[in-house]
Amino acid sequence: MSQEVTVHVNRGSADSLETAVGTLEVRGSFDLHLQSHDTPAHVHCRLGGDIERIATLPESNYYVEADGETIVLVRVNAEAIERPLEGTLEVLTGYGSESLSIPVTVKPAPGDVDVDESLSKPAQNAPEPSDLERLIATVGLEPATLGVVALGLVAVGIAVLTAATIGGPVAMAGLAIVSIGFLVALVLLIR
């Protein structure tokens, strides 16, 4: 991205303006070079569009010596924007009879990267796994599955105690139903 633009004044004919730049893209302040040819000139400059809010000219009227150059610093506060802004830099001479408008796009200044203190500390190792976590990793079952298995074992244990206390064929049939249900649930969970 060019950070300057040259405007030729009075090159070829009186009160003429020419530039080789079609558009100008900047990320901050830039220079406007007013280059006079043959005769001196009074040049008026102004900003238009959205860039008018964030850019300033030191003054609007300039006198350019014959075969001389005047450099105008266009100050741009690119830190004040979050998205590109567009506008124009207008250069006039001959009391406004000749004008040249250069499209200008101001892009936001690259943002600073905030670095906190945690980057200066070495990376912390993961904590040691607990005994339960090691058991789960060894068995390969998830904690929810182990919970269901534990509840199933409690149910089978209650069915065994009930069958042993009450006795008889009905209690034994209940124990068989609970045991078969537990085995089916276990097969479905592990599969």
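This report describes the strands, core, helices, salt bridges and backbone angles of a predicted model.

**The open sheet**

Five strands make up an open sheet of mixed pairing, and their order across it is E2-E1-E4-E8-E6. Strand E2 (17-19) and strand E6 (55-56) form its edges, each of them pairing on one side only. At the E6 edge, the partner is strand E8 (residues 69-76), which runs antiparallel to E6 and is joined to it by 2 bridges; within this pairing, alanine 55 is found opposite valine 76 of E8.

**The nonpolar core**

In soluble globular proteins, nonpolar side chains tend to be buried together. The largest nonpolar core of this model contains 32 residues, and Phe30, Leu32, Leu34, Val91 and Val106 are those with the most contacts inside it. At least two residues of this core come from each of strand E1 (4-9), E3, strand E4 (30-36), E5, strand E7 (61-64), E8, E9 and E10. Which residues does phenylalanine 30 touch, if those up to four places away in sequence are not counted? The contacts of phenylalanine 30 are Gln3, Glu4, Val5, Leu24, Val72, Leu73, Val74, Val76, Leu89 and Val104. Val76, one of these contacts, is also the residue that stands opposite alanine 55.

**Helices H2 and H3**

The 24 residues of H2 should span 34 Å at 1.5 Å a residue, and the 35 Å between its end C-alpha atoms agrees with this. Helix H3 (residues 169-190), with 22 residues, reaches 31 Å from its first C-alpha to its last, which is close to the 32 Å expected. Between these helices, H2 is followed by glycine 167, whose phi is positive, near 70°.

An α-helix has 3.6 residues a turn, so residues three or four places apart point the same way. The buried residues of H3 include Ala171, Leu175 and Phe182. Why do they lie on the same side of H3? The reason is that they cover an arc of only 40° around the axis. On the face of H3 turned away from this buried side are the exposed residues Pro169, Val170, Ile177, Ile180, Val187 and Leu188. The buried residues of H3 pack against helix H2 (143-166). In H2, for its part, Thr145, Val149, Gly152, Val156, Ala159 and Ala163 are buried, and H3 is included in what covers the buried residues of H2.

**Salt bridges**

Side chains of opposite charge can pair when their charged atoms come close. Across the whole structure, 3 salt bridges are found, and they are set out below.

| Acidic residue | Basic residue | Distance, N to O |
|---|---|---|
| glutamate 18 | arginine 11 | 2.9 Å |
| glutamate 25 | lysine 107 | 3.4 Å |
| glutamate 90 | arginine 46 | 3.2 Å |

In the pair of arginine 11 and glutamate 18, arginine 11 is partly exposed with a relative accessible area of 36%, and glutamate 18 is likewise partly exposed, at 31%.

The salt bridge between glutamate 25 and lysine 107 links distant parts of the chain, given that glutamate 25 belongs to strand E3 (residues 24-26) and lysine 107 to the loop between strand E10 (98-106) and helix H1 (131-139), 82 residues apart. Glutamate 25 has a relative accessible area of 34% and is partly exposed; lysine 107, at 24%, also counts as partly exposed.

The salt bridge between glutamate 90 and arginine 46 again links distant parts of the chain, 44 residues apart, with glutamate 90 in strand E9 (residues 85-93) and arginine 46 in strand E5 (residues 41-49). Arginine 46 is partly exposed, with a relative accessible area of 39%. Apart from neighbours within four places in sequence, arginine 46 is in contact with Leu57, Thr88, Leu89, Glu90 and Leu92. Arginine 46 and threonine 56 are 10 residues apart in sequence, and their C-alpha atoms are 8.8 Å apart in space.

**Positive phi outside glycine**

Most residues other than glycine have a negative phi. Aspartate 15, although not a glycine, has a positive phi of about 60°; aspartate 15 lies in the loop between E1 and E2 and is partly exposed, with a relative accessible area of 32%. Aspartate 67 has a positive phi near 50° and is located in the loop between E7 and E8. Is aspartate 67 buried or exposed? At 55% relative accessibility, aspartate 67 counts as exposed, because the cut-off for that class is over 50%.

Note on methods:
Residues are numbered from 1 along each chain as its sequence is written. This is a predicted model: local features need pLDDT of at least 70, side-chain atom pairs count only at pLDDT 80 or more; totals for chains, interfaces and linings use all residues. Side-chain values use heavy atoms; hydrogens and water are left out. Two strands pair if DSSP finds at least two bridges between them. Helices (H or I, at least four residues) and strands (E, at least two) are DSSP runs, numbered from the N terminus. The expected span of a helix is 1.5 Å times one less than its number of residues. Buried means under 20% relative accessible area, exposed over 50%, partly exposed in between (1.4 Å probe, protein chains only). The arc is that of the directions from the helix axis to the C-beta atoms. Contact means heavy atoms within 4.5 Å. A salt bridge is a side-chain nitrogen of Lys or Arg within 4 Å of a carboxyl oxygen of Asp or Glu. A nonpolar core is a set of buried Ala, Val, Leu, Ile, Met, Phe, Trp, Tyr and Cys residues joined through side-chain atoms within 4.5 Å.
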